[in-house]
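Trainee: I have a model open on my screen. Can you teach me how to read its features?

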Amino acid sequence: MSWTLDGVAAADLAASGLAVALDTSVRAALLLGAAGVFSLLARRAPARWRHGLWLSAFAGLAALPVLAVADVGPAALARTGGAWELGLAAVWIAGVAVLSIRHAVACRRLRAHLADATPGPRVLEARVLIGGALSSPVTFGIRPVVLLPADFMSWPATSQRQVLLHEGAHVARRDWLTQRAATVLCHLFWFHPIVWIARRLLVLEAERAADEAVLRAGERPSDYAQLLLDRSSVHSPVPALAAPRWLELRIRSLLGPDPGSRWPAAVGVALLLLLTPALSAVQAAPDPPAPHCQPAEVATADTPGSP
């Protein structure tokens, strides 16, 4: 097969990519479904363990395309494609491009708020700034930046301390980086709803884990829950975090019973790490081998009258 991008070679390449995509999609559903089951079993465990569970699932998801390319075999990768495979490949590329551009624009808009910000208290292992048009705190950047609302210094001292503890937990775990990596995988798997659901759960558990860090520092759960309620009425740079359902889950975690055993989440992380390479055995049944045809034998029996 020619690897030049003429019409035939491009269609063949698209067909090979489709084989890998279908194989990877099935494995992704199995992997993330298993993570969901383990997360449900670990619902009483500390949120940081469930967050680690979803991080392990996304790490496995990133490895699945490599396993798929290795396992679908040269026969599938060398298949001949047609116009419909080429069309599907074009749709996938367009989807990745649109989502990537939208995400880049959103990140650029967020960084634009830094222009009017001024240095804040130096209490975290990150650059703390105050100002901009945001009404809620947000942490972002490869070199973490904690951007606080312009009126932050007028908040009660307890609220200031709780916010800094929460954002400091995000900084310590590098949540922005891991969530950007998960977002890249969502762009690549934009057609796969389970991947998007898994990312939402990853973000939710990151918020819950940061909430738990506030309580471990000695803050009263009722005071912190009241702060979340008070700030829920203002615009959030991440709209999903202010959704009523998410807020309800976070507050119930704060005011509910103490977290239970962490072993289901720990076992889940270990099993997911083992499950990812095991999924390399999950592949479509190979095509049956072509029948081996023997050359027809010429009859040699003597016929009457033959010499």
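Mentor: Start with a term. A pocket is an open set of grid points with protein on both sides, and its lining residues have an atom within 4 Å of a point. Keep in mind that this model is predicted.

Trainee: How is empty space found, and how much space lies in the second largest pocket?

Mentor: Rolling a probe the size of a water molecule over the atoms shows where empty space is left. Here, the second largest pocket holds about 880 Å³.

Trainee: Which residues lie nearest the centre of the second largest pocket?

Mentor: Arg43, Arg50, Arg208, Leu249 and Ser253 do, out of 32 lining residues. Helices H1 (7–41), H2 (47–71), H7 (193–216) and H9 each give two or more residues to that lining. H7 has the largest share, with 9 residues. By type, the lining has 14 nonpolar, 4 polar and 14 charged residues.

Trainee: Now a helix. Which residues of H8 are buried?

Mentor: H8 spans residues 221–231, and its buried residues are Tyr224, Ala225, Leu227 and Leu228. They line one face of the helix, because they fall within an arc of 155 degrees seen down the axis of H8. The general idea: an α-helix has 3.6 residues a turn, so residues three or four places apart point the same way.

Trainee: What covers the buried residues of H8?

Mentor: The cover includes helix H5 (157–173), H7 and H9.

Trainee: Take Arg252 in H9. Is Arg252 buried or exposed?

Mentor: Exposed means over 50% relative accessible area. Arg252 has 55%, so Arg252 is exposed. Arg252 sits in H9, residues 244–255. The C-alpha atoms of Arg252 and Ala225 are separated by 9.0 Å, with the two residues 27 apart along the chain.

Terms used
Residues are numbered from 1 along each chain as its sequence is written. This is a predicted model: local features need pLDDT of at least 70, side-chain atom pairs count only at pLDDT 80 or more; totals for chains, interfaces and linings use all residues. Side-chain values use heavy atoms; hydrogens and water are left out. Helices (H or I, at least four residues) and strands (E, at least two) are DSSP runs, numbered from the N terminus. Buried means under 20% relative accessible area, exposed over 50%, partly exposed in between (1.4 Å probe, protein chains only). On a 1 Å grid over the protein atoms alone, a cavity is a set of points where a 1.4 Å probe fits but cannot get out, and a pocket is an open set with protein on both sides within 12 Å along at least five of seven lines; lining residues have an atom within 4 Å of a point. Grid points are joined across faces, edges and corners, and a volume is the space filled by probe spheres set on the points. Ala, Val, Leu, Ile, Met, Phe, Trp, Tyr, Cys and Pro count as nonpolar, Asp, Glu, Lys and Arg as charged, and the others, Gly among them, as polar. The arc is that of the directions from the helix axis to the C-beta atoms. Contact means heavy atoms within 4.5 Å.
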